[in-house]
Amino acid sequence: MTTNTAATSIQAWAANAAKQPLEPFNYEPGPLGLEEVEIQVEHCGLCHSDLSLIDNEWGVAPYPMVGGHEVIGRVVALGSSAKGLTLGQRVGLGWNSSSCTHCNPCLSGLQQLCRKVQPTIIGHHGGFAERVRAHWVWVAPIPEGLDASKAGPLLCGGVTVFSPFLTYDVKPTHRIGVVGIGGLGHLALKFGRAWGCEVTAFTSSESKRDEALQLGAHRVVSSVDPASMKQIAGQLDLVLVTVNVMLNWKAIMGTLAPNGRLHLVGVQTEAMPVETRSLMAAQRSVSASPTGSRTDIDAMLAFAARHGIAPQTEHFPMSRINEALDHLRAGKARYRVVLDADFVQA
């Protein structure tokens, strides 16, 4: 692939209203920016955040909306000032597509915290399309050794659960817990095991016990059984909460060791009660984070390639995107859905 030709029209699938089927959509992207990259989409993960925006659960969905922020594809066009990439290179694009590059967070390597960060699917057309554009900073090379057909969910779900390991200096000697064995949680189990930690999986579904062990957990605890929760009281250095439902926060907090941290990567839409006394007595912390920085993404991809970590995926052709969305809505995804591009070229 040697030509450097940006598209003048892009085929996509768009939501035109909340909770309605996606429809074919064509748009004109305009001239390619000097620092932009255009990617020919090969695969795109279907994340629950896509579903939340399509259904306008967060109240910020702009219609028509082209979702898709777990993109794997090839570079087909480069702006004259885009850096570090080559035509034909396989790359990935996650939750963010640009940031200002000059504020303190950007200059500190925390681009995901930039006040002007541009999400890939809010006010920007994403990867449910034949092509997608982004600033070169957020376009990450895919290492050799990663299966491109499965790697898309690493660009969002993967880095979301991996970044806390870096941010909070998680050590191989630490004991960690993962709440929720789903799209995020199953990756957290895999990363935690490969990191060297002792990993405890919390689940409210006994049917997931064996699978959680296969995914990397050393033990599985029922989050709805008070006796089981009491047995691990005060033992865990980090508990990652990957779900978006209300929990027995007092019981979860009680599993933390002194200096332990309860960290949320699932979006909670209700107020979360926290007992200050429990925090202070053992010097515990509660925190949360969005996706990771570009350097976090690169580190996560390299770690995944080295340890053979890949999401557990189910595949649909992109032309069956509405069927895939219904599959995700019904809670049937095990554990990440990937759309394989099948656009017919005009």
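Which residues of helix 4 are buried? The close-up views below, all taken from a predicted model, begin with that helix.

**View 1. Helix 4 and its surroundings.** In helix 4, the buried residues are Gly157, Gly158, Val159, Thr160, Val161, Phe162, Ser163, Pro164 and Phe165. Because nine of the eleven residues of this helix (residues 157-167) are buried, helix 4 is largely enclosed by the rest of the structure. The cover over its buried residues includes strand 10, helix 5, strand 13, strand 14 (256-264), helix 10 (294-307) and strand 17 (336-340). Just after helix 4 comes Asp169, with a positive phi of about 50 degrees.

**View 2. The open six-stranded sheet.** Six strands with parallel pairing form an open sheet in the order 12-11-10-13-14-15. Its edges are strand 12 (219-222) and strand 15 (285-288), each of which pairs on one side only, and the twist from one strand to the next averages 20 degrees. Strands of a sheet pair through backbone hydrogen bonds, in either a parallel or an antiparallel sense. Within this sheet, strand 10 (residues 175-179) pairs with strand 11 (residues 198-203) in the parallel sense over five bridges, and Arg175 has Glu198 in strand 11 as its bridge partner.

**View 3. Helix 5.** The buried residues in helix 5 (residues 185-195) include Gly185, His186, Leu187, Ala188, Leu189, Phe191 and Gly192. Helix 5 is also among the elements that cover the buried residues of helix 4. Gly196, which follows helix 5, has a positive phi near 105 degrees.

**View 4. The loop between helix 1 and strand 4.** Several residues of this loop can be shown together, among them Asp55, which forms a salt bridge with Arg329 in which the closest N and O atoms are 3.0 Å apart. Since Asp55 lies in the loop between helix 1 and strand 4 whereas Arg329 belongs to helix 11 (residues 321-329), the pair ties together parts that are 274 residues apart in sequence. Asp55 is buried, with a relative accessible area of 8%, while Arg329, at 36%, is partly exposed. Asn56, in the same loop between helix 1 and strand 4, has a positive phi near 55 degrees although it is a residue other than glycine, and its relative accessible area of 28% makes Asn56 partly exposed. Pro64 also lies in the loop between helix 1 and strand 4, and a cis peptide bond, with omega about -5 degrees, joins Tyr63 to Pro64.

**View 5. A nonpolar surface patch and the contacts of Val243.** Trp58, Val60 and Val267 make up a nonpolar patch on the surface, with a combined accessible area of about 250 Å². Of these residues, Val60 sits in the loop between helix 1 (48-54) and strand 4 (71-78) and counts as partly exposed, at 43% relative accessibility. Val267 is touched by Val243, whose contacts, leaving aside residues up to four places away in sequence, are Val179, Gly180, Gly266, Val267 and Gln268. The C-alpha atoms of Val243 and Val267 are separated by 7.3 Å, although the two residues are 24 residues apart along the chain. Val243 itself is placed in the loop between strand 13 (236-241) and helix 8 (249-254).

**View 6. Further salt bridges.** Side chains of opposite charge can pair when their charged atoms come close, and a search of the whole structure finds 13 salt bridges. One of them joins the side chains of Arg209 and Glu206, at 2.7 Å from N to O; Arg209 is partly exposed, with a relative accessible area of 27%, whereas Glu206, at 53%, counts as exposed. Another links Glu323 with Arg320, the closest N and O atoms being 2.7 Å apart, and here Glu323 is partly exposed at 41%, as is Arg320 at 36%. In addition, Glu38, Arg131 and Arg133 are connected in a network of salt bridges.

**View 7. Two further backbone features.** Most residues other than glycine have a negative phi, and most peptide bonds are trans. Lys19, found in the loop between strand 1 (10-14) and strand 2 (23-27), has a positive phi of about 60 degrees although it is not a glycine, and at 59% relative accessibility Lys19 counts as exposed. Arg334 and Tyr335 are joined by a cis peptide bond with omega about -10 degrees, and Tyr335 lies in the loop between helix 11 and strand 17.

Note on methods
Residues numbered from 1 in each chain as written. Predicted model: local features only at pLDDT ≥ 70, side-chain atom pairs only at ≥ 80, totals over all residues. Heavy atoms only, no water. Patch = residues over 30% accessible without salt bridge, like charges linked within 9 Å, V, L, I, M, F, W, Y side chains within 5 Å. Areas by Shrake-Rupley, 256 points an atom, 1.4 Å probe, with all protein chains shown as cover. Salt bridge = Lys/Arg side-chain N within 4 Å of Asp/Glu carboxyl O. Helix = DSSP H or I, 4+ residues; strand = E, 2+ residues; numbered from the N terminus. Buried < 20%, exposed > 50% of the residue type's maximum accessible area, 1.4 Å probe, protein only. Pairing = 2+ DSSP bridges. Axes fitted to C-alpha atoms, helices over the stretch in contact; angles between N-to-C directions. Contact = heavy atoms within 4.5 Å.
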